[in-house]
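The report below describes one protein model in plain terms. Definitions and cut-offs are given where a term is introduced.

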Amino acid sequence: PAYPLDGGRVYAAGLMLKLKVEPLKAAFVTAMTAMFIAAVFVVYGIVRLFTGGAGFSLYLALVGLYVFYESYELNRAVKSKDLKNHHIFGRKCYQSSSSAAA
């Protein structure tokens, strides 16, 4: 479930809807999880690139870089407590009733 891919969005929504986690905390958990997954993608892709798996490995590393960048941006928004301006978590459906009233 690496954000911003579909699984990461479902992961964040599940945290908020099923586990009743506040959007800010759900965004943080989602970002950290995705950054870890992205780092694994990049490391695995680079290792495979140098051990004979050039084609797929390069794409995996590039996807990992994209996921890491987007997750890092989400983490920055969490740290600044500014999810309202985030292009995904700023949407109305991701806001809790307590943060929507504020």
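## The salt bridge in helix 3

Glu73 and Arg76 are three residues apart in helix 3, so about one helical turn separates them. Helices here are DSSP runs of H or I with at least four residues, strands are runs of E with at least two, and both are numbered from the N terminus. The side chains of Glu73 and Arg76 form a salt bridge with an N to O distance of 3.5 Å. A salt bridge is defined as a side-chain nitrogen of Lys or Arg within 4 Å of a carboxyl oxygen of Asp or Glu. One salt bridge is found when the whole structure is searched. Glu73 is partly exposed, at 23% relative accessible area, and Arg76 is also partly exposed, at 47%. The classes are buried (under 20% relative accessible area), exposed (over 50%) and partly exposed in between, with a 1.4 Å probe and protein chains only.

The model is predicted: local features need pLDDT of at least 70 and side-chain atom pairs count only at pLDDT 80 or more, while totals for chains, interfaces and linings use all residues. Residues are numbered from 1 along each chain as its sequence is written, and side-chain values use heavy atoms, with hydrogens and water left out.

## Overall layout

The protein has four helices and zero strands, and its pattern along the sequence is α-α-α-α. Its C-alpha atoms fill a box of roughly 55 × 25 × 15 Å along the principal axes. Of its 102 residues, 35% count as buried. The accessible surface is about 6400 Å², and carbon and sulfur atoms hold 68% of that area. Accessible areas come from the Shrake-Rupley method with a 1.4 Å probe, and for residues only the protein chains shown count as cover. Among contacts with a separation of 6 or more, 55% are between residues 24 or more positions apart. A contact means heavy atoms within 4.5 Å.

## Helix 1 against helix 2

Helix 1 (residues 6-17) packs with helix 2 at an angle of about 145°, the two axes being 9 Å apart. The axes are lines fitted to C-alpha atoms, for helices over the stretch in contact, and angles run from 0 to 180 degrees between N-to-C directions. The crossing of helix 1 past helix 2 is right-handed. By definition, a crossing is right-handed if the near helix is turned clockwise from the far one by less than a right angle, and left-handed if anticlockwise.

On the helix 1 side, the meeting residues are Gly8, Tyr11, Ala12, Leu15 and Met16, and on the helix 2 side they are Pro23, Ala26, Val29, Thr30 and Thr33. Thr30 is buried, with a relative accessible area of 0%. Apart from neighbours within four places in sequence, Thr30 touches Tyr3, Gly8, Tyr11, Ala12 and Leu15.

Arg9 is another residue of helix 1, and it is partly exposed at 29% relative accessible area. The C-alpha atoms of Arg9 and Leu83 are separated by 14 Å, with their positions 74 residues apart along the chain.

## Backbone features

Most residues other than glycine have a negative phi, and most peptide bonds are trans. The table lists two lysines with a positive phi.

| Residue | Phi | Location | Relative accessible area |
|---|---|---|---|
| Lys20 | about 60° | loop between helix 1 and helix 2 | 64%, exposed |
| Lys81 | about 55° | loop between helix 3 and helix 4 (97-101) | 64%, exposed |

The peptide bond between Tyr3 and Pro4 is cis, with omega of about 10°. Pro4 is placed in the segment before helix 1.

## Nonpolar surface patch

Which residues make the nonpolar surface patch of about 740 Å²? They are Ile46, Leu49, Phe50, Leu58, Tyr59, Leu62 and Leu65. Patches are built from residues with over 30% relative accessible area and no salt bridge; like charges are joined within 9 Å, and nonpolar side chains (Val, Leu, Ile, Met, Phe, Trp, Tyr) within 5 Å. Helix 2 (23-50) and helix 3 (54-79) each supply at least two of the patch residues. The most comes from helix 3, which gives four residues. Leu58 belongs to helix 3 and is partly exposed, with a relative accessible area of 41%.
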